[in-house]
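Here are a few notes to help you find your way around this one. Have the structure open beside you as you read.

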Amino acid sequence: SSNIVVAIDGYSSCGKSTLAKALAKKLHFIYVDSGAMYRAVALYFIRNNVDLNNHDQVVKALEHIHLNFHSRDYQTHITLNDEEVSAEIRQMPVSDKVSAVAAIREVRQEMVRQQQRMGKSKNIVMDGRDIGTVVFPNAQVKLFMTADPKIRAERRYKELLPTNPDMTLEDVFENLAHRDYADTTREESPLTRADDAIILDNTDLTPEEQLQFALDLVKPLI
Ligand code: C5P
């Protein structure tokens, strides 16, 4: 096919979605936040007390989960069985549970299937952990983002503080460290850099500089 896929992977809170959104907006590509899908599944599992170790329960739950994106303005608008859950999936209860849910093979198979369908015929930017390795191994552009863990925690803390006044920087740092560990060590498609992914360390880069870096890679292909 001739559509362009830009795969952006990396650690938690590295600015993947900020860059992916800006890039999609600039190029009029579709933006897909794959992490939001795993978060919505985790939310459903929490609400319905799904036992992660019970294979039958997990499979049954997946059959009852219907996710949809509504990309009005290049923000993530995701519905879980027609309910808007975009705000709730960013809260700590989901962040604490999501990496365990995302480690389940059946969950990943279903999400990857849906993600591949979204990138079949359209120009898209998708961010996540396994986009360049598993979902779109043939993506024309692959970025692997990283940044200093302290900077990442500070950025995410600032983002979450308005709605979570009791949260500490330490809480956020711990959550990121926990997810990075879980995501890189799991058996099912662990977070790892694809051989052909370009590393983008944005510790000292502004969002504009990151966008320019990505544009320089994608523009020649259009
Ligand atoms: O991208 P975000 O931080 O919102 O993703 C939440 C979690 O979902 C990650 O920590 C990871 O466990 C899981 N995830 C994944 N594969 C993806 C995207 C997210 O396993 N492609």
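1. A word on the annotation first: UniProt positions are given here in the numbering used for this structure, and such annotations may be inferred rather than shown by experiment. With that in mind, the unreviewed UniProt entry lists residues 6-218 as "domain: Cytidylate kinase". Keep in mind, too, that this is a predicted model. In the model, the C-alpha atoms at the two ends of residues 6-218 lie 8 Å apart. Helix makes up 50% of that span and strand 15%.

2. Helix α5 is a good place to start looking. It covers residues 105-118, and its 14 residues should span 20 Å at 1.5 Å a residue; the end C-alpha atoms are 20 Å apart, so the two agree.

3. Which residues of α5 are buried? They are V107, R108, M111 and Q115. These residues cover an arc of only 90° around the axis, which puts them on the same side of α5. Turn to the face directed away from that buried side and you'll find the exposed residues R113 and R117.

4. What do the buried residues of α5 pack against? Among the helices, their partners are α2 (34-47), α3 (55-63), α4 (92-102) and α6 (131-135). Two strands are on the list as well, β2 (30-33) and β6 (124-128).

5. Next, have a look at the open sheet of three strands, which has the order β3-β4-β5 and antiparallel pairing. β3 (67-69) and β5 (83-84) are at its edges; each has a single partner strand, so one side of each has no neighbour in the sheet.

6. Zooming in on one pair, β3 is joined by three bridges to β4 (residues 78-80), and the two run antiparallel. If you want a spot to check by eye, N68 stands opposite T79 in β4. Helix α2 packs on this sheet, where it touches β3 and β4, and its direction makes about 25° with that of β4.

7. Last stop: I30, in strand β2. Is I30 buried, exposed or partly exposed? A residue counts as buried with 20 or more other C-beta atoms within 10 Å of its own and as exposed with 12 or fewer. I30 has 17 within 10 Å, so it is partly exposed.

8. I30 also links up with a distant part of the chain: I124 is 94 residues away in sequence, yet the two are 4.5 Å apart in space, C-alpha to C-alpha. Setting aside neighbours within four places in sequence, the contacts of I30 are A24, S71, K122, N123 and I124.

Key:
Residues numbered from 1 in each chain as written. Predicted model: local features only at pLDDT ≥ 70, side-chain atom pairs only at ≥ 80, totals over all residues. Helix = DSSP H or I, 4+ residues; strand = E, 2+ residues; numbered from the N terminus. Expected span 1.5 Å × (residues − 1). Arc of directions from axis to C-beta. Contact = placed C-beta atoms within 7 Å. Pairing = 2+ DSSP bridges. Axes fitted to C-alpha atoms, helices over the stretch in contact; angles between N-to-C directions.
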